[in-house]
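User: I'd like to understand the labels used for this model. Could you walk me through the reasoning behind them?

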Amino acid sequence: MYQRDKTENKIIANKNVNNQQIRLGEADMPTIKFSLNEEYYQKLEEMAKQDGISIQDCIRNKLFNLTTIFTPAEAVKRALKQYKPGDSFTLPELYGNEWTIGRGVAGVFGKQFFNYVKDEYPNIIQFEKMVDCGRRAQYKMI
C-alpha cells in the first residue's frame with residue numbers, strides 16, 4: 001500500500017504485518033499498471049525494439065512526449081557515421097560533448113546498447129572489453 005506523506009510530500013510504502021502497518025520507507029516510484037490485448041502488446045514491443053529501449057522507456061517516452069538522443073538506435077547510427085572498421089569506441093566517446101547523462105542512467109543505456117548491438121548488429125559492432133576500471137564497455141567496428 002502506498003500513501004502520500006503530507007509533511008514531506010513523498011510517497012511512503014507501507015506493509016501490513018500481523019494487522020499492524022509497518023513503514024518501509026520512501027518508495028522509489030509509484031507503479032502504474034494497465035492491460036493490453038495481444039495485438040497492441042506486439043505493436044508496443046515492436047516500437048520499443050525499433051529504438052532498442054525497454055517497453056517501460058517506450059511508454060514513458062510516448063506518454064510524456066520525450067525525445068532523447070540516448071537510444072541504442074541513435075548510437076548505432078552515430079557509430080556507423082563516425083567510425084570505420086577496426087575503430088574502437090565507448091558510448092561517451094561516441095557522443096562527445098553531448099554525453100550529459102548521469103551515471104545510473106548511463107548504465108541502463110549502456111546495457112540497452114549492448115543487448116541491441118548483440119541482437120541487431122552482431123556483424124557490424126561488437127563488444128571488445130571493459131575499460132575505465134571496468135566501468136565502461138568498449139566496442140569495435142567490424
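Analyst: Happy to; what follows takes the rings, the sheet, a helix and a pocket in turn, and please keep in mind that this is a predicted model.

User: Let's start with the rings. Why is the pair of Tyr83 and Phe89 called stacked?

Analyst: Two values decide that. The ring centres of Tyr83 and Phe89 are 4.9 Å apart, and a pair needs centres within 6.5 Å. Their planes meet at 10 degrees, and planes under 30 degrees apart count as stacked, so the label fits. Tyr83 and Phe89 are also both buried.

User: And what makes Phe114 and Phe127 edge-to-face?

Analyst: Here the centres are 5.8 Å apart, with the planes at 80 degrees. The cut-off for edge-to-face is over 60 degrees, so this pair earns that name. The two rings come from distant parts of the chain, Phe114 from helix 5 and Phe127 from strand 5, 13 residues apart.

User: Are Phe114 and Phe127 buried, exposed or partly exposed?

Analyst: Partly exposed, in both cases. Buried means under 20% relative accessible area and exposed means over 50%. Phe114 has 31% and Phe127 has 38%, so each value falls in between.

User: Which residues belong with these rings in one aromatic cluster?

Analyst: The cluster is made of Tyr83, Phe89, Phe113, Phe114, Phe127 and Tyr139. Across the whole structure, the search finds 13 aromatic pairs.

User: On to the sheet. How do you know that strand 4 pairs with strand 6?

Analyst: Pairing takes at least two bridges, and 2 bridges join strand 4 to strand 6, so the requirement is met. Their directions are antiparallel. Ser88 has Lys140 in strand 6 as its bridge partner, while Phe89 is bridged to Tyr139 of strand 6. Phe89 and Tyr139 are also both in the aromatic cluster.

User: How many bridges join strand 5 to strand 6?

Analyst: There are 6, and these strands run antiparallel too. One of the bridge partnerships is Val131 with Arg136 in strand 6. The hairpin of strand 5 and strand 6 has 4 residues between the strands, and in it Asp132 takes a positive phi near 55 degrees.

User: What makes strand 4 and strand 5 the edge strands?

Analyst: The open sheet has 3 strands in the order 4-6-5, with antiparallel pairing. Strand 4 and strand 5 each pair on one side only, and that makes them the edges. Helix 5 lies across strand 4, strand 5 and strand 6, at about 30 degrees to strand 6.

User: Which residues of helix 3 are buried, and what do they pack against?

Analyst: In helix 3 (residues 72-82), the buried residues are Pro72, Glu74, Ala75, Val76, Arg78 and Ala79. They pack against several elements, including helix 1, helix 5, strand 5 and strand 6.

User: Last one: where does the lining of the largest pocket come from?

Analyst: Helix 2 (55-63) provides the largest share, 5 residues. Helix 1 and helix 2 each supply at least two. The largest pocket holds about 450 Å³ of space. Of its 15 lining residues, Ile32, Phe34, Gln56, Ile59 and Arg60 are the closest to the centre.

Technical notes: Residues are numbered from 1 along each chain as its sequence is written. This is a predicted model: local features need pLDDT of at least 70, side-chain atom pairs count only at pLDDT 80 or more; totals for chains, interfaces and linings use all residues. Side-chain values use heavy atoms; hydrogens and water are left out. Buried means under 20% relative accessible area, exposed over 50%, partly exposed in between (1.4 Å probe, protein chains only). Contact means heavy atoms within 4.5 Å. Rings of Phe, Tyr and Trp (its six-membered ring) pair if their centres lie within 6.5 Å; planes under 30 degrees apart count as stacked, over 60 as edge-to-face and the rest as tilted. Axes are lines fitted to C-alpha atoms, for helices over the stretch in contact, and angles run from 0 to 180 degrees between N-to-C directions. On a 1 Å grid over the protein atoms alone, a cavity is a set of points where a 1.4 Å probe fits but cannot get out, and a pocket is an open set with protein on both sides within 12 Å along at least five of seven lines; lining residues have an atom within 4 Å of a point. Grid points are joined across faces, edges and corners, and a volume is the space filled by probe spheres set on the points.
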